[in-house]
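Hi,

Here is the structure I promised to pass on. Have a look at it first, and then read on for what I found in it.

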Amino acid sequence: MMKFSTLFAVLVFSCLNSFSQTEETVGKQFYNRLFTYNYVERKPIFPSTADSLRNFYLSHFTGFDSLVTKCIERGDTAKYIRVHFEFVLDENGVAYNPNFLYIGSTRYRSANGDKKIKYFDDLKTYFNTATREMIKAMPMWRPALQNNVRVNCVVKDYFQFWLRSEEHTSELQ
């Protein structure tokens, strides 16, 4: 019986090393998570310039006409309208998992904050679909890097445009 328990103990202790975390698995666990755009060491880069990214958003967002029409109907003109959304860039630079967040407005082009326009809340599924189509057509990015390792990164972004109706144009003249 003593030989059996000794043999059993030797087998158990020899197997413990195979279940322990090596440096390799610890490193993979650290990098195998979603990093936030603002806190990653090297941010992902769109293949062209920032202006071309803005142009891509404006030309591929299929909900643009509905957005402009509803803003004009509600009198939200002579201001910047911002469409906020987020998506994930994987370690290869492919965008996936898009999510529409909200639509806001501001009077100033470079303002840090904006006011959420609440009457768009009932159209959230419509704009979520439009955001999915836009991100689906997006080209590959250069991925984010953390300690020179490619990582998944959540990108929260928006595009904005100036909306002015004919009423405001005639008031200014």
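Residues 18–26 have a pLDDT under 50 throughout, and the model gives this stretch two contacts beyond four places in sequence. Residues 168–173 also fall below 50, with four contacts beyond near neighbours in sequence. Where pLDDT is low, the predicted coordinates should not be read in detail. This is a predicted model, after all, and its average pLDDT is 85, with 78% of the residues scoring at least 70.

Now to the fold. The protein has six helices and six strands, which run along the sequence as α-α-β-α-α-β-β-β-α-β-β-α. Taking contacts between residues at least 6 apart in sequence, 76% of them join residues at least 24 apart. One pair you could look up is Gly 75 and Arg 164: they are 89 residues apart in sequence, yet their C-alpha atoms are 9.7 Å apart. Gly 75 sits in the loop between α4 (64–74) and β2 and is partly exposed, at 46% relative accessibility.

Next, the interior. Of the 173 residues, 36% count as buried. The largest nonpolar core has 34 residues, and those with the most contacts inside it are Tyr 57, Leu 67, Phe 87, Ile 103 and Met 138. At least two core residues come from each of α3 (50–60), α4, β2, β3, α5 (124–136) and β6 (149–163). Strand β6 supplies the largest share, six residues. In soluble globular proteins, nonpolar side chains tend to be buried together. Leu 67 makes a good starting point for a tour: leaving aside neighbours within four places in sequence, its contacts are Phe 61, Ile 81, Val 83, Ile 103, Phe 120, Phe 127 and Phe 161. As for the outside, the accessible surface comes to about 11,600 Å², and carbon and sulfur atoms account for 54% of that.

I also went through the charged pairs. How many salt bridges does a search of the whole structure find? The search returns four. Among them is the pair Lys 79 and Asp 76, with the closest N and O atoms 3.1 Å apart; both of these residues are buried. Another joins the side chains of Arg 82 and Asp 114, at 3.9 Å from N to O. Arg 82 belongs to strand β2 (residues 79–89) and Asp 114 to the loop between β3 (95–106) and β4 (115–116), so this salt bridge ties together parts that are 32 residues apart in sequence. Arg 82 is buried as well, with a relative accessible area of 1%.

The pair Asp 121 and Lys 116 also forms a salt bridge, with its closest N and O atoms 3.5 Å apart. Is Asp 121 buried or partly exposed? Asp 121 is partly exposed, because its relative accessibility is 42%. Lys 116 is partly exposed too, at 38%.

Last, the cysteines. The structure holds zero disulfides. Cys 71 is buried, with a relative accessible area of 0%, and Cys 153 likewise counts as buried at 0%.

Happy to go through any of this with you on screen.

Best wishes

Conventions:
Residues numbered from 1 in each chain as written. Predicted model: local features only at pLDDT ≥ 70, side-chain atom pairs only at ≥ 80, totals over all residues. Heavy atoms only, no water. Buried < 20%, exposed > 50% of the residue type's maximum accessible area, 1.4 Å probe, protein only. Helix = DSSP H or I, 4+ residues; strand = E, 2+ residues; numbered from the N terminus. pLDDT = per-residue confidence, 0-100. Contact = heavy atoms within 4.5 Å. Disulfide = S-S within 2.5 Å. Areas by Shrake-Rupley, 256 points an atom, 1.4 Å probe, with all protein chains shown as cover. Core = buried A, V, L, I, M, F, W, Y, C linked by side-chain atoms within 4.5 Å.
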